[in-house]
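The exercises below are meant to be worked through with the sequence and the coordinates at hand. Try each task before reading its solution.

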Amino acid sequence: ETLYQNALQAKSGNQLDFAMQQLQDYLRFFPDGSYAPNAQYHIGEILATQGKFDEAVQAFDQVLEKYPDNSKTLDAMLSKGRALAK
């Protein structure tokens with residue numbers, strides 16, 4: 001949980017590269033953890049913020065494919081649509 005919370009703090013502080021690394025580490029160590037869908041979603045958000053829309057679409061797809069029944073499913077669908085539009 002600490003790793004995930006640190007990532008969110010870094011993201012909020014616009015330390016996107018550090019946040020990305022923390023989120024990726026969380027998913028590597030806890031791929032089925034309770035925050036895994038959120039971590040994957042935040043990766044997509046960071047990529048979209050960085051203008052990496054194709055990669056963001058792939059990240060949002062992973063939320064939809066790996067974690068189809070979670071609280072971030074609808075957000076991932078919307079964010080994927082926005083990334084595709086850009």
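**Exercise 1: a loop residue**

Asn14 is found in the loop that joins helix 1 and helix 2, where helices are DSSP runs (H or I, at least four residues) numbered from the N terminus. The model is predicted, so local features need pLDDT of at least 70 and side-chain atom pairs count only at pLDDT 80 or more, while totals for chains, interfaces and linings use all residues. Residues are numbered from 1 along each chain as its sequence is written, and side-chain values use heavy atoms, with hydrogens and water left out.

Task: Determine whether Asn14 is buried or exposed, and state what its phi is.

Solution. Begin with the accessibility: Asn14 has a relative accessibility of 58% and therefore counts as exposed, given that buried means under 20% relative accessible area, exposed over 50% and partly exposed in between (1.4 Å probe, protein chains only). Then turn to the backbone, where Asn14 has a positive phi of about 60° although it is not a glycine.

**Exercise 2: the length and buried residues of helix 2**

Task: Compare the expected span of helix 2 with the distance between its end C-alpha atoms, and then find which helices its buried residues pack against.

Solution. The expected span is 1.5 Å times one less than the number of residues. Helix 2 covers residues 16-29, which is 14 residues, so it should span 20 Å, and its end C-alpha atoms are indeed 20 Å apart. Next, list the buried positions of helix 2, which are Leu16, Ala19, Met20, Gln22, Leu23, Asp25, Tyr26 and Leu27. These buried residues pack against helix 1 (2-12) and helix 3 (36-49), contact meaning heavy atoms within 4.5 Å.

Leu27, which lies in helix 2, serves as a detailed case: its relative accessible area is 14%, so it is buried. When neighbours within four places in sequence are left aside, Leu27 is in contact with Ala36, Ala39, Gln40, Ile43 and Tyr67. By contrast, Asp17, also placed in helix 2, is exposed, with a relative accessible area of 61%.

**Exercise 3: two helix pairs**

Task: What are the packing angle and the distance between the axes for helix 1 and helix 2, and for helix 4 and helix 5?

Solution. Axes are lines fitted to C-alpha atoms, for helices over the stretch in contact, and angles run from 0 to 180 degrees between N-to-C directions. Helix 1 and helix 2 pack at about 160°, with their axes 8 Å apart. These two helices are therefore roughly antiparallel to each other, a class that takes angles over 145 degrees. The contact joins residues of helix 1, including Leu3, Tyr4 and Ala7, to residues of helix 2, including Leu16, Phe18 and Phe29. By class, the residues of this contact divide into 10 nonpolar, two polar and two charged; Ala, Val, Leu, Ile, Met, Phe, Trp, Tyr, Cys and Pro count as nonpolar, Asp, Glu, Lys and Arg as charged, and the others, Gly among them, as polar.

For the second pair, helix 4 (residues 53-66) and helix 5 pack at an angle of about 160°, with their axes 9 Å apart. Helix 4 is thus roughly antiparallel to helix 5. Among the residues that meet are Phe53, Phe60 and Leu64 in helix 4 and Thr73, Met77 and Leu84 in helix 5.

To finish, consider Thr73, which lies in helix 5 (residues 73-85). Thr73 is buried, with a relative accessible area of 12%, and touches Leu64, Tyr67 and Pro68, not counting residues up to four places away in sequence.

Notes. Angles under 35 degrees count as roughly parallel, over 145 as roughly antiparallel, 65 to 115 as roughly perpendicular and the rest as oblique.
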